[in-house]
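Visitor: Please take a close look at one part of this structure, the enclosed spaces and what surrounds them, and then move on to the neighbouring features. Keep it plain.

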Amino acid sequence: MTKEEALKTYFGYDAFRGGQEAVIDALLAGGNALVIMPTGAGKSVCYQVPALLLPGITLVISPLVSLMRDQVTQLVQMGVPAAFLNSSLTFKQYLLALDRARAGRYKIIYVAPERLETEGFRSFAEHADISLVAVDEAHCISQWGQDFRPSYLNIPAFVASLPKRPAVGAFTATATPDVKEDIERLLALKEPLRITTGFDRENLYFEVQQPDSKKAALLELVKGRPGKCGIVYCATRKNVEEVCGFLRERGVSATRYHAGLEAEERRQNQEDFLYDRAQVMVATNAFGMGIDKSDVRYVIHYNMPKDIESYYQEAGRAGRDGLPSSCILLYSGQDVRTNEFLITHGELREGMDAATAERLQERDLQRLRRMAGYCRTRHCLRQYILQYFGESAPDCCGTCYNCLHNFEEVDVGREARTIVACVAELNQAFGVGIVAETLCGAETDKVRKYHLDRERSYGALRELPQKEVRERIRFLLDEGILTLSPGQYPVVRLGERAEDIVRNGPALWMKTVRDQRPAPSRKEAPGELDGPAAELFGRLRALRAGIARRQGVPAYVVFTDKTLREMALCRPGSLQELQAVSGVGAAKAERYGRQFLAEISAFESGGYS
Ligand code: ADP
Ligand code: ZN
């Protein structure tokens, strides 16, 4: 079988994506490869296709139990003999799986790094014919990476102990030079093929909002996407609880995930989301690595993450099936200060000396500044991200929020001086909200309580809506003309540049949204299907849900949304036509083909054409 045949027969795909073919060739030739591809680019195919063609077994080393189960389920559905060895098996199940592996029953075995050191596994590996070792999430080997896992350091010794050196492939979505270097050195990859595919994900839409109320903004976003799956990332467990409760009260089918929950509840909630029983997953960053749900239509960040790497990895969980999906970040200045605090007050990592710790902290603060820069830029968001990862990109992608809106620059010099005067008058003792209320001449309890209506600047910006006054205050904060005190209830203070503004009265140009630019209409899938195709798509989804439920697997493991959409549009009439649909391999065509063909034909004879 050729690699093209393997791709078609098992995966149901017609062509390789960028980079996949080169990696497969290198591994088939027994060489090494270091593969850096963004989430959703298709890393798994890079080692699963060689695994099918090589004579021996392929070991996939992967950090996450949930990921393994999922991947193995998918492989088995495609007709590939596969198994996993990890802590979710009982000892008896484990021994049984090892026996079968010894008997050559599996082509692909997923294994947790901790297993490599155990006696039973070692003795198995010594006598097995291992052709390929694929290291998934390879950045876990580097202490510069975000998810350092000490057990990954055992991989090189394990590989060296094998009777015959297998091909070794390392896969990650993290591209920073430190980490790349560590992976190559620690895994002893000799002259590896180095593949870094473009980081752009064309189907993702990016937007940053700086709302007055994050909850209201979130609710609007979620309610505006009925029937679609989304993830809402929060910075803390407390936020997860609060936001999840809030959404549920408003009738959203939401569930939650964070490290503070019992393992059983975490498993259950994750499954509810994967199996479409809950539409929205509210989670900390503990959720997601290895989550392979391909039809997540949006990822909303309720808090700004600590760096662009984390952001892009989390946001990238949207739209893995290649259909249009949204990544929206709800930003507030407080997010920056919280992250700053966490970085400067973080615990020392085990065995790390003070100089290294300081270097790490400086690096983290630098990354945080770049992340905050993303939230404030008025230029193309996609370009900002791609440039961060060292790629060149056009000035305007034409599809992100910033590219879809016209901004205008207004001179806010006069207003800035009024605001600075007000902050000084209030003795630098109040937060953004009260300063804005005072300037707008609002009649609120706080204003009365502190007699702010007696101040000279009371009502000085009466002609502007409060929202715009707050926008100007935030702009002055970004410019360093004002600052916020640290702590839970930050108050507005005069910044370094305040004096210059008052004394010299320069013009201050602030960019603000004027209107929306006419843009090619883009909708999130499956919205763009309409008429009979949309109806058929709905019926195929219902059929899929029933099959998935009976088998106890997530729906996308049967067929992805993308595959069902294509079926709804092309309406195949025979098994052969069905197999021409992307994502329908031989095993799935045989297993499910008749049911889907019957549904399509019933739909057609129902009077639609
Ligand atoms: P990664 O591990 O890089 O995040 P995956 O391996 O999960 O990405 O692949 C993402 C999606 O793209 C999966 O649904 C996968 O089946 C699909 N895919 C991978 N390669 C191809 C291809 N050559 N043609 C079409 N779809 C592909
Ligand atoms: Zn853009």
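**Cavities, pocket and zinc site**

Guide: The lining of the second largest cavity is made up of three nonpolar, one polar and two charged residues. This is a predicted model, and everything below is computed from it. The residues in question are Arg-122, Ala-125, Glu-126, Phe-158, Ser-161 and Leu-162. Ala-125, Phe-158 and Leu-162 make up the nonpolar group, Ser-161 is the polar residue, and Arg-122 and Glu-126 are the charged ones. The space they line amounts to about 40 Å³.

Two helices supply at least two residues each to this lining: H6, which spans 119–127, and H7, which spans 155–161. The main contributor is H6, with three residues.

The structure has two cavities of 30 Å³ or more. The largest one has a volume of about 110 Å³. Its lining consists of 12 residues, and those nearest the centre are Ala-173, Phe-199, Glu-309, Tyr-312 and Gln-313. By class, five of the lining residues are nonpolar, five are polar and two are charged. As for its location, the largest cavity lies between domain 1 (3–196) and domain 2 (204–394), because both domains give residues to the lining.

Domain 2 also takes part in an open space. The second largest pocket draws at least three lining residues from domain 2 and at least three from domain 3 (407–513). This pocket has a volume of about 1,700 Å³. Its lining counts 45 residues, and Ser-332, Gly-333, Gln-334, Asp-335 and Arg-337 are the ones nearest the centre. By class, the lining has 16 nonpolar, 16 polar and 13 charged residues.

Several elements each give at least two residues to the lining of this pocket, including helices H9 (214–223), H10 (237–249), H18 (432–440) and H20 (466–478), as well as strand S15 (482–484). Helix H14 is also one of them. The largest share comes from H13, with eight residues; this helix covers 333–344.

H14 leads on to the metal site. The zinc ion (ligand 2) is held by four sulfur donors, the SG atoms of Cys-380, Cys-397, Cys-400 and Cys-403, at 2.3 to 2.4 Å. The angles among the four donor atoms run from 102 to 118 degrees, and the site is tetrahedral. Along the sequence the donors follow the spacing C-x16-C-x2-C-x2-C. Cys-380 and Cys-397 link distant parts of the chain, 17 residues apart: Cys-380 sits in the loop between H14 (354–376) and H15 (381–388), and Cys-397 in the loop between H15 and H16 (401–404).

These two donors differ in accessibility. Cys-380 has a relative accessibility of 3% and therefore counts as buried, the cut-off being under 20%. Cys-397 has a relative accessible area of 23%, so it is partly exposed.

One more buried position can be added to the picture. Ile-231 is part of strand S9, residues 229–233. With a relative accessible area of 1%, Ile-231 is buried. The C-alpha atom of Ile-231 is 8.9 Å from that of Ala-315, although the two residues are 84 apart along the chain.

Definitions and conventions
Residues are numbered from 1 along each chain as its sequence is written. Chains are lettered from A and ligands numbered from 1 in the order in which they are written. This is a predicted model: local features need pLDDT of at least 70, side-chain atom pairs count only at pLDDT 80 or more; totals for chains, interfaces and linings use all residues. Side-chain values use heavy atoms; hydrogens and water are left out. On a 1 Å grid over the protein atoms alone, a cavity is a set of points where a 1.4 Å probe fits but cannot get out, and a pocket is an open set with protein on both sides within 12 Å along at least five of seven lines; lining residues have an atom within 4 Å of a point. Grid points are joined across faces, edges and corners, and a volume is the space filled by probe spheres set on the points. Domain bounds come from an automatic or database domain assignment. Helices (H or I, at least four residues) and strands (E, at least two) are DSSP runs, numbered from the N terminus. Donors are N, O and S atoms within 2.8 Å of the metal (3.2 Å for Na, K and Ca); water is not among the atoms, so sites may look incomplete. Four donors count as tetrahedral if all angles lie between 85 and 135 degrees; four count as square planar and six as octahedral if opposite donors are over 155 degrees apart and all others between 65 and 115; anything else is irregular. Buried means under 20% relative accessible area, exposed over 50%, partly exposed in between (1.4 Å probe, protein chains only).
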